[in-house]
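Hi everyone, thanks for coming. I'd like to walk you through a structure that may be new to you, so please have a look at it first.

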Amino acid sequence: MQSGREKAYAYLKGSVLTDPDMQDRFLSEQDLADRIGISRTPIREALLLLAAEDLVRLVPKRGAHIAPLSGRDIRELMEMRGLIERFAAETTTAHGIVPVTEMTDLLAHQESLRGEHTTKEFIAADHRFHAALVAAVGNTLMSRQYDALRSRQSRVGIITPYRTGRRQDEVLAEHRQILDGLVAGDAAAACTAIDRHLRATQHILLAA
């Protein structure tokens with residue numbers, strides 16, 4: 001059973017921080033406590049955890065602020081994602097440890113989530129697809145840092161652009177190109193596909 005802090009943390013990270021309407025707003029501990037059905041103490045503890053991850057900013061006498069990412073923040077974030085994902089592609093192909101079955105299954109699952117009413121699930125599947133490649137490297141610290149980057153990306157509030165079938169189809173095609181390169185053991189092709197995918201994602205984030 002989840003503790004109050006864990007419940008609050010999951011709710012804030014999965015629902016509040018990804019809500020475009022919540023960007024640049026202060027959070028009310030009491031309102032959150034009422035919504036989740038717990039006391040304010042675990043809410044405060046969860047906000048401290050999120051602040052440590054730089055996902056919210058704690059302002060004295062004002063509370064927790066969800067600061068929107070700037071264009072520079074987004075570009076730096078995508079550069080870091082590129083460094084990690086390209087390294088993962090090069091390392092896993094060089095050592096023959098590409099998680100082909102897992103990534104193939106994740107891509108098939110993501111394809112099944114295509115549609116207007118499963119947008120959040122589609123984006124979550126997107127993260128799992130990339131995270132599986134990074135995890136295959138076997139570097140726990142790298143995987144943790146990568147997850148933190150994706151959490152920061154979620155603050156942009158990119159649900160709306162992904163509701164269109166067109167962008168979902170583009171994402172799926174970009175993922176297939178990444179996987180095709182990995183399956184072929186062609187690190188250069190996989191890295192090129194990763195760069196193309198991240199450029200498209202950055203364009204969406206900057207326009208959100």
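Before we start, one term: when I say that residues meet or are in contact, I mean that they have heavy atoms within 4.5 Å. And please keep in mind that this is a predicted model.

Let's put that term to use right away, with helices H2 and H3. H2 covers residues 29-36 and H3 covers residues 40-52. Who meets whom here? From H2 we have Glu29, Gln30, Leu32, Ala33 and Ile36, and on the H3 side they meet Arg40, Ile43, Arg44 and Leu47. By character, the residues of this contact of H2 with H3 split into five nonpolar, one polar and three charged.

How do H2 and H3 pack, then? Their axes are 9 Å apart, and the angle is about 115°. Angles of 65 to 115 degrees count as roughly perpendicular, and H2 and H3 are therefore roughly perpendicular to each other. As for handedness, H2 and H3 make a right-handed crossing.

Now to a second pair, further along: H6, residues 119-135, and H7, residues 140-154. The axes of H6 and H7 come within 10 Å, and they cross at roughly 160°. Since anything over 145 degrees counts as roughly antiparallel, that makes H6 roughly antiparallel to H7. The crossing of H6 with H7 is right-handed.

Which residues make this contact? On H6 they are Ile123, Asp126, His127, His130, Ala131, Val134 and Ala135, and on H7 they are Met142, Ser143, Tyr146, Asp147 and Arg150. Sorted by character, the contact of H6 with H7 has six nonpolar, three polar and three charged residues.

Let's zoom out to the whole chain. How many helices and strands does the protein chain have? There are nine helices and three strands. If you trace the protein chain along its sequence, you read α-β-α-α-β-β-α-α-α-α-α-α.

The domain assignment divides the protein chain into domain 1, spanning 4-66, and domain 2, spanning 71-207. Taken over C-alpha atoms, the centres of domain 1 and domain 2 are separated by 27 Å.

Finally, the overall dimensions. The C-alpha trace of the protein chain spans about 55 × 35 × 35 Å along its principal axes. What would we expect of a compact globule with 208 residues? Its radius of gyration would be near 17 Å, and the protein chain has 18 Å, which agrees.

That's my tour, thanks for listening!

Conventions
Residues numbered from 1 in each chain as written. Predicted model: local features only at pLDDT ≥ 70, side-chain atom pairs only at ≥ 80, totals over all residues. Heavy atoms only, no water. Axes fitted to C-alpha atoms, helices over the stretch in contact; angles between N-to-C directions. Helix = DSSP H or I, 4+ residues; strand = E, 2+ residues; numbered from the N terminus. Parallel < 35°, antiparallel > 145°, perpendicular 65-115°, else oblique. Left-handed = near helix turned anticlockwise from the far one by under 90°. Nonpolar A, V, L, I, M, F, W, Y, C, P; charged D, E, K, R; others polar. Domains from an automatic or database assignment. Rg over C-alpha atoms; globule rule 2.2 N^0.38 Å.
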